[in-house]
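User: Could you take a close look at the metal site in this one for me? Once that's covered, a quick tour of a few other spots would be great.

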Amino acid sequence: MREKKIKYSFKKKLFWYIVPLILFVSLTFAGVFIQQQNKLLKENLVDRGMSLAVNLARMSELAIFSEEDSFIEPAIEGMWSEDDVVYIFLYKDKGKILSKYTRMRINEKLYADVKQKIYNTREPFWQYPFSSSKVWEFYAPVFSTAEESIEDSLLDVKVEKRGKSKGRIIGISRIGISLININEQQKKIIKLSIRITLTLLIIAFIVTYLLAKKITTPILELAERVEILGRGNFDEEIRIKSSDEIGLLAREFDSMRLKLRKLNKMKDDFVSLVSHELRTPLTSIKGYASIFLSGKLGQLDEKQTEKMEKIVKHSKRLSDLITGLLDLSKMRYGKTDHEGKYFSLGKHVQNIVDELDILAKQKNISLEVEIPSDLPDIYADEKLLTRVFINLIGNAIKFTSEGGKVTIRAVDEQDLTRIYCIDTGMGISAVDLDKIFNEFYRVKNKNGMEKEGTGLGLAIVKHIIEIHQGKIWVKSEVGNGTQFIFTLPNKKEVKYEKKDFSRR
Ligand code: ATP
Ligand code: MG
């Protein structure tokens, strides 16, 4: 869930760094590999072609002398059986053909430049005969060991220098080899390279994923713990089983948590001490102001009455705040007195609604209770639950304008009772929804009309529900009213425990 908050996660970044790198490296390797293999294949082809031409030339001496191609036929047949050999020519006197095998249309004449080259170099050679270079051809001179030479007249070329070692040239062998096999093998090599690249990529993906997971899991865990800490739960230990830098960070966070917990406790103690100390003088102020207002100490004029009323109003607000603070402090440290018992929710709510009806009527708001008469009795602390309803219904009336409606509904759901407090009021924006259960949080009113309140009501409500092992949440839309929903377990066995304050 926390991962959703991250726009560019570490995982994604790692992917974007590693995967293109691996892709680049494997493509480069594949390119070099394919090139090397091609070179090797071509070198092999040249070796093979040259040796075929030379062998043929070596075996052809007798056939050329005797002008009888049957002498050479078996050797040529052997070569011809190789499927990439597309033509074989054996030339004799003046470039005349003695033997010819061909699988393709080709100029059978011996080219003058080929003759010239053979007679000049006396060496076999190869060339691409066609522009498409799909066939490479190989030439080799046929030497004669006999004394009399027909060489000079043989292929009507002028011989510049004649090697002595090999004898006279009496013919030329010519072999064409198609690149079909090479192309096939090249295709295979490309396929293999693609397969290797893909496998490397998949491995890179998996490794990156695992690596990222290994790194991010403790970070996310740490973030979660810190978030809990941020919500004010200083009791949850931040422990990450990692002996690396993240483990160190976690330990540092935990020692910070302990310090914060200590500070928080000091703050609570201080607030509760000050609240206690303020309570007595405040009660006196309120009391005396009320006596003045009652006229027992002499009639007050209009201005004095107005000021006295302000004193009463503000001291009431202050005393509400102090009561709220003290209650919260008690709840936080599990010191709230509570006692569960079975009672009828319908009657209970009706009594509260009757009390609050005067408030509702002032604003022409209708209060409706929709609790089925056969709803099983609930098990809760009556006083605490009264505070929950007074606050929720009080809020609903406070934040709903004239002519609105507030509904209290309860539904039995086997293990729990679900209770709704629905109003048709001003609603709460999504930004504020998360925060309204925080102490002192009050939504800022756009039109500047401040409603009375301390901002402690919902924090207390949440504590009370959690003491009962229930849950409370809110749904709202600005302008469309608000729904507070809370649950209470239906079991008597519910033990009121010291609760988790993490969500505050
Ligand atoms: P107190 O309850 O201490 O008198 P309060 O009512 O302002 O003060 P809470 O009950 O904690 O404080 O509520 C917090 C804030 O949540 C309110 O100030 C108000 O902005 C908003 N709020 C609560 N209930 C409603 C509601 N039914 N409709 C609209 N806003 C609400
Ligand atoms: Mg309130």
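Analyst: First, a bit of vocabulary: a helix here is a DSSP run of H or I at least four residues long, numbered from the N terminus. Keep in mind that this is a predicted model.

Now the metal. The magnesium ion (ligand 2) is held by two side-chain oxygens, OD1 of N391 and OD1 of N395, at 2.2 to 2.7 Å. Both asparagines sit in helix α10, which covers residues 382-398, and they are four residues apart, about one turn of the helix. Are these two buried or exposed? N391 has 19% relative accessibility, so it counts as buried, the limit being under 20%. N395 is buried too, with a relative accessible area of 13%. Don't read the two donors as the full set, though: water is not among the atoms, so sites may look incomplete.

On to the backbone, where two residues have a phi worth checking. As background, most residues other than glycine have a negative phi. E67 goes against that, with a positive phi near 55 degrees. You'll find E67 in the loop that links α2 (61-66) to α3 (73-80). Its relative accessibility is 47%, so E67 counts as partly exposed. Q469 also has a positive phi, near 60 degrees, and is not a glycine either. Q469 is again a loop residue, placed between α12 (457-467) and β11 (472-476). With 37% relative accessibility, Q469 counts as partly exposed.

Next, a strand residue. F89 belongs to β1 (residues 85-91), and its relative accessibility is 0%, so it counts as buried. What does F89 touch, leaving aside its neighbours within four places in sequence? Its contacts are L56, I97, S99, K100, T102, I106, E108, I172, S173 and R174. As for V135, F89 is 46 residues from it in sequence and 15 Å from it in space, C-alpha to C-alpha.

Last stop is another helix. D320 is part of α8, residues 302-332, and at 36% relative accessibility it counts as partly exposed. If you want a pair to look up in the viewer, try D320 and L456: they are 136 residues apart in sequence, with 9.4 Å between their C-alpha atoms.

Back to your main question, then: the magnesium ion is coordinated by N391 and N395, and both of them come from α10.

Note on methods
Residues numbered from 1 in each chain as written. Chains lettered and ligands numbered in written order. Predicted model: local features only at pLDDT ≥ 70, side-chain atom pairs only at ≥ 80, totals over all residues. Heavy atoms only, no water. Helix = DSSP H or I, 4+ residues; strand = E, 2+ residues; numbered from the N terminus. Buried < 20%, exposed > 50% of the residue type's maximum accessible area, 1.4 Å probe, protein only. Donors = N, O, S within 2.8 Å, 3.2 Å for Na, K, Ca; no water. Contact = heavy atoms within 4.5 Å.
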